[in-house]
Amino acid sequence: MRITPQRSRQIFGNPAPPQTVWEKQFDYFDSELKKVAQKDWRKITGEDLWYYFHDLAYVELQLDLFKYLFPICLNYWYETLMKNQSAACGDAEFHYSLYRGKILEKMMTPRVREAIYNFFHDGLIARIEAERGFIYTKASTPAYAWIQRFNSIGYVAPIINRIWTTWWKLDHSGKAVSAIMYASGLIYLEGENPIFGMWTPEDGGGGPYLNESDASIYDVGWLNENLEFLRNTLSVQYIQKKLKQAADTLQLEPEKNMAYQVAEDAQTRGEVIELCIEDLLTKLSKPLLGK
């Protein structure tokens, strides 16, 4: 389902601004939080959300205020995803707030939680489908952003299985391009990847970095459900088969030649693929601070 600014609000019943605000803002900006709460939802900015991201992580939340502001947080998550930006507002970061505040567990009914999971799924698929051309622009390569966002979801929502299953149907050119870019990180060693160039101290780049995220979560690994799905899915045979399928999806597209090159290379690099899969799963399972 398409993501619109109204969709997130519909999840919560199109809430009105709260009449009063008793919630204590984490950094003592109570008057600023009250001003944000009285704004028309269309005029709430990323800067405004800084106050609330900290509250999501650290304070007792006011339910009607949550219902009014959290849909705007979801919209910010989607807007930054589509702009290849992180979901941070200054030193506050959305995924960390979800994790630290246990928001998805504590603040909503199962129906609402499922609707938010679908929002995350549809948002990521929209961004994946927008990827075309095997674009590589060193440190600002667009694919870095959606790979990181995919990994951020792995920390906070047990939905990697449904995102991956929709993505790797490979029934859309953007899905095929994204899958090839992602999988290239499992079949080439440093300096070999024909899509991603070499990292340099001056310009960055390199990769793809399949274990990096844009979440400020450093003390845990991925959720067990997500890890187990990836562990049960990834294999040498799976990658080889799916790369051939992705190339076939692109056989009439401008990306055809690169797609078939990567698919053909995968057929002779089984040992590298096996080692890279195990390395990826190990890294995703551990806290970043412990890697």
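**From one histidine to the pockets**

Let's start with one residue: leaving aside residues up to four places away in sequence, histidine 54 touches Gln25, Phe26, Asp27, Asp91 and Ala92. Keep in mind that you're looking at a predicted model. To find this histidine, go to helix H3, which spans residues 46-58. Is histidine 54 buried or exposed? With a relative accessible area of 9%, histidine 54 is buried, because anything under 20% counts that way.

Now for the nonpolar core. The largest one has 101 residues, and the members that touch the most others are Phe70, Phe120 and Tyr182. Which helix gives the most to this core? That would be helix H4, residues 63-82, with 12 residues.

Tyr182 is worth a stop of its own. Leaving out residues up to four places away in sequence, tyrosine 182 touches Trp146, Ile147, Phe150, Trp164, Trp167, Trp168, Pro208, Leu210, Leu230 and Leu280. Several of those names come back when you look at rings: Trp146, Phe150, Trp164, Trp167, Trp168, Tyr182, Trp222 and Tyr238 are linked into a cluster by ring pairs.

How many aromatic pairs are there in the model? The count comes to 29. Take phenylalanine 70 and phenylalanine 94: their ring centres are 5.9 Å apart, with 35° between the planes, and the pair is tilted. Phenylalanine 70 sits in helix H4 and phenylalanine 94 in helix H5, so this pair links distant parts of the chain, 24 residues apart. Phenylalanine 70 counts as buried because its relative accessibility is 0%, and phenylalanine 94 is buried at 0% too.

A second pair joins phenylalanine 150 and tryptophan 164, and this one is also tilted, at 6.2 Å centre to centre and 40° between the planes. Since phenylalanine 150 lies in helix H8 and tryptophan 164 in helix H9 (residues 160-167), the pair ties together parts that are 14 residues apart in sequence. Phenylalanine 150 is buried, with 1% relative accessibility, and tryptophan 164 is buried at 1% as well. Phenylalanine 150 and tryptophan 164 both belong to the ring cluster you just met.

Next, the empty space. Rolling a probe the size of a water molecule over the atoms shows where such space is left. The largest pocket has a volume of about 510 Å³. Of its 23 lining residues, the closest to the centre are Gly185, Tyr188, Gly207, Pro208 and Tyr209. Two elements give two or more residues to this lining: helix H10 (173-187) and helix H14 (270-285). Which of them gives the most? H14 does, with 4 residues. As for chemistry, the lining divides into 11 nonpolar, 8 polar and 4 charged residues. Pro208, by the way, is one of the residues that tyrosine 182 touches.

The second largest pocket holds about 200 Å³ of space. It's lined by 13 residues, and those closest to its centre are Tyr99, Glu105, Tyr155, Val156 and Leu223. Helix H5 (94-101), helix H6 (103-106) and helix H8 (142-156) each supply at least two residues of the lining, with the largest share, 3 residues, coming from H6. This lining splits into 10 nonpolar, 1 polar and 2 charged residues. You've seen two of these helices already: phenylalanine 94 is in H5, and phenylalanine 150 is in H8.

Methods: Residues numbered from 1 in each chain as written. Predicted model: local features only at pLDDT ≥ 70, side-chain atom pairs only at ≥ 80, totals over all residues. Heavy atoms only, no water. 1 Å grid on protein atoms, 1.4 Å probe; cavity = no way out; pocket = protein on both sides within 12 Å on 5 of 7 lines; lining within 4 Å. Points joined across faces, edges and corners; volume = space filled by probe spheres on them. Nonpolar A, V, L, I, M, F, W, Y, C, P; charged D, E, K, R; others polar. Core = buried A, V, L, I, M, F, W, Y, C linked by side-chain atoms within 4.5 Å. Buried < 20%, exposed > 50% of the residue type's maximum accessible area, 1.4 Å probe, protein only. Contact = heavy atoms within 4.5 Å. Phe/Tyr/Trp six-rings, centres within 6.5 Å; stacked < 30°, edge-to-face > 60°.
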